Amino acid sequence: MKVRTRWVDLPRLKNRFIAITVAAIVIFGILLLRLWYLQIISVDQYRLLSEKNRIRYLPVAAERGPVYDASGELLLDNRPGFTVAALRQEVDDSGEMLNRLADYLDVDREQLLERWQAGKRFPRYRPVPLAVDAGRDTIERIQENSINLPGILTLVTPIRSYPYNELASHIFGYLGEITEDELRSDEFSDYRGGDFVGQNGIERHLENYLRGREGERLLEVDVKGKELRILKTLEPEPGLKTFLTLDKEIQLAAEEAIGDQAGAAIALNVRTGEILAMTSKPSFDPALFARGITNDEWIALLQDERHPLQNKALRGQYPPGSTFKLVSALAALDSGLVDADYTVDCTGRIKVGPREFRCWKKKGHGETDLKKAIRESCDVWFYDVSLKIGIDQIARISRELGLGSTSGYAPARERSGLIPDSAWKKRRFNDRWYDGETVIAAIGQGFVLTTPMQLAVMTAAIANGGQVLRPYVISRVEDFSGNIVFANGPEIVHTADLRPEDIEQLKIGLEAVVNERKGTGWASRLKDVRVAGKTGTSQVIRMKDDDEEEKTNDEDIKYKFRDHALFVSYAPATDPEIAIAVVIEHGSHGSTAAAPVSKAILEAYFAGKKENARDDGSIAVAGPAEAVVVNADAEDRN
């Protein structure tokens, strides 16, 4: 009998073999499917997880360039601040993350959600800032609970700081997070979402110099986000140093003198056009923008009726009132129809056609020549001469002095004001010009509009003999080795076509305004320096008749209907160095609201000169002013 030895002939063994083979095929099949799932279907997910476990990219913000005043006093700086940010690639459940973070930060979840949504336009590797300038206690709370906040980082970032708070905020401007429109523009092609950029003022004008260059760090981290080692570091480069023409002490004096009033003040070097001080009130706190202004804060600024975001020195347009009489006087002298001795008998009113125009002094000034008309701001003298020379002559001299066009101040947009003439009236209203409009224009009312900057430039031009200068506030930009990469200097826009003897006649009257007891600017005189100036009051509603005027005083008039107060001046009167223009919105009287601001600026200027002279060992030329008594008669209106 033959014995079967082949295994295939053994049923039990054969069945076992088949079962093992099928099992192996199934197992390998499953393994292949799993491998296909991992390598093909889930490749992106696992690549991301792999990178999370390996590399983290962190940008390192650069400090913005510091800004100094003319003497090297630091006005704008940076300080370290804590930022709470999220790395989107490491956040699995954003909803839960925001819930927890809102508790730890003690802020509204919706606020965090808004920032999180805005951050989706950032690259995934770039941290999304959720809380800027967080307090130390908050940061400690975040770090203690970091195990519950995967993907949340606490970063130390430079934040713009303002050692003098709101000082010169309209000159500096403010920062803001770059917008999507800006990111799409060529100007910001090398910026990234989340960057802060200058939005206006010097911060915007010098953005390329101030921003610096961002650095970066590449870190190796574990799956929990713990840093293992630094793979690469590129240190940031800070922005360049900027020096201004501003004098901090004069700027402080101007802002303190205006106080809570609304308005603007500008002080210029009459020989160079350097801006020594420029303020607009009310101001705003630029620190709000540096740490990321909230919607409520932004809306509050926009809805403030006194417009704190507007630079009134450049954008505010006001009827110049009696400060415009400088133009009308020069226009009269230039015409050859009137000289300094031309006399008008001011009875307090003058009739032009069917309408009567009043002088601010109801009983009149009596016999009045040019000097008296300037010193006591007689309206009737200017009414009379304006009818002789006409509006076109007044407009021509206005433009010679820089009115009716922007001054050329570079870091911000200006408004051009308005100097009307007969051709403008025809274009604008298709109507002829009337004599009644001429007499009103001659005292700076009617259609005439100027900015405080234009008044300062005009006053400087009169002070220096007719040179209209471009005002500038940026002196130079330096790198940290002291190399100058940008420099500014005096620029004569044009020389006014005026006779020197006419300007000198006008100056006699301007000096009398401040230094003679009947002068309307008597209150702004200084003890050791003779000041020349002109007060102004411009109406914001129609002129009141005599009966109305007797029945009302300033306190009875709503704030928004009170007259604007103005004062322009220069000093020393015989050898001018500084020119000033002040406008106080609804300040009622130039002599009591605007002139004191000018006086405070002059005191600061000459006190600084005195201090510098002591430092140099030379003899001081000026001292602080003594107490003065306001001329009650002059205070009445101008």
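This passage walks through the nonpolar cores, a pocket and the aromatic pairs of a predicted model.

A good place to start is the interior. The largest nonpolar core holds 124 residues, and Ile-171, Met-278, Trp-381, Leu-401, Ile-462 and Ile-601 are those that touch the most other members. Helix α16, spanning residues 379–400, supplies the largest share of this core, with ten residues. A second, separate core is made of 20 residues, among them Trp-116, Phe-122, Leu-130 and Leu-149. Back in the largest core, the contacts of Leu-401 include Val-327, Leu-330, Met-458, Ala-461 and Ile-462, leaving aside residues up to four places away in sequence.

Next comes the second largest pocket, with a volume of about 810 Å³. Its lining comprises 28 residues, and Glu-114, Arg-115, Glu-177, Ile-293 and Asn-295 lie nearest the centre. Helix α4 contributes the most to this lining, with five residues, while β4, β6 and α12 are among the elements that each supply at least two. Sorted by class, the lining has twelve nonpolar, eight polar and eight charged residues.

Aromatic rings round off the picture, with a count of 15 pairs. Tyr-174 and Phe-289 are stacked, at 4.0 Å centre to centre and 20 degrees between the planes. Tyr-174 sits in the loop between α6 and β6 and Phe-289 in helix α11, so the pair ties together parts 115 residues apart in sequence. Tyr-174 is buried, at 12% relative accessible area, and so is Phe-289, at 4%. Tyr-209 and Phe-486 form a tilted pair, at 6.2 Å and 40 degrees, linking helix α9 with strand β19 across 277 residues. Tyr-174 and Phe-289 also belong to one aromatic cluster with Phe-284 and Trp-298.

Terms used
Residues numbered from 1 in each chain as written. Predicted model: local features only at pLDDT ≥ 70, side-chain atom pairs only at ≥ 80, totals over all residues. Heavy atoms only, no water. Core = buried A, V, L, I, M, F, W, Y, C linked by side-chain atoms within 4.5 Å. Buried < 20%, exposed > 50% of the residue type's maximum accessible area, 1.4 Å probe, protein only. Helix = DSSP H or I, 4+ residues; strand = E, 2+ residues; numbered from the N terminus. Contact = heavy atoms within 4.5 Å. 1 Å grid on protein atoms, 1.4 Å probe; cavity = no way out; pocket = protein on both sides within 12 Å on 5 of 7 lines; lining within 4 Å. Points joined across faces, edges and corners; volume = space filled by probe spheres on them. Nonpolar A, V, L, I, M, F, W, Y, C, P; charged D, E, K, R; others polar. Phe/Tyr/Trp six-rings, centres within 6.5 Å; stacked < 30°, edge-to-face > 60°.
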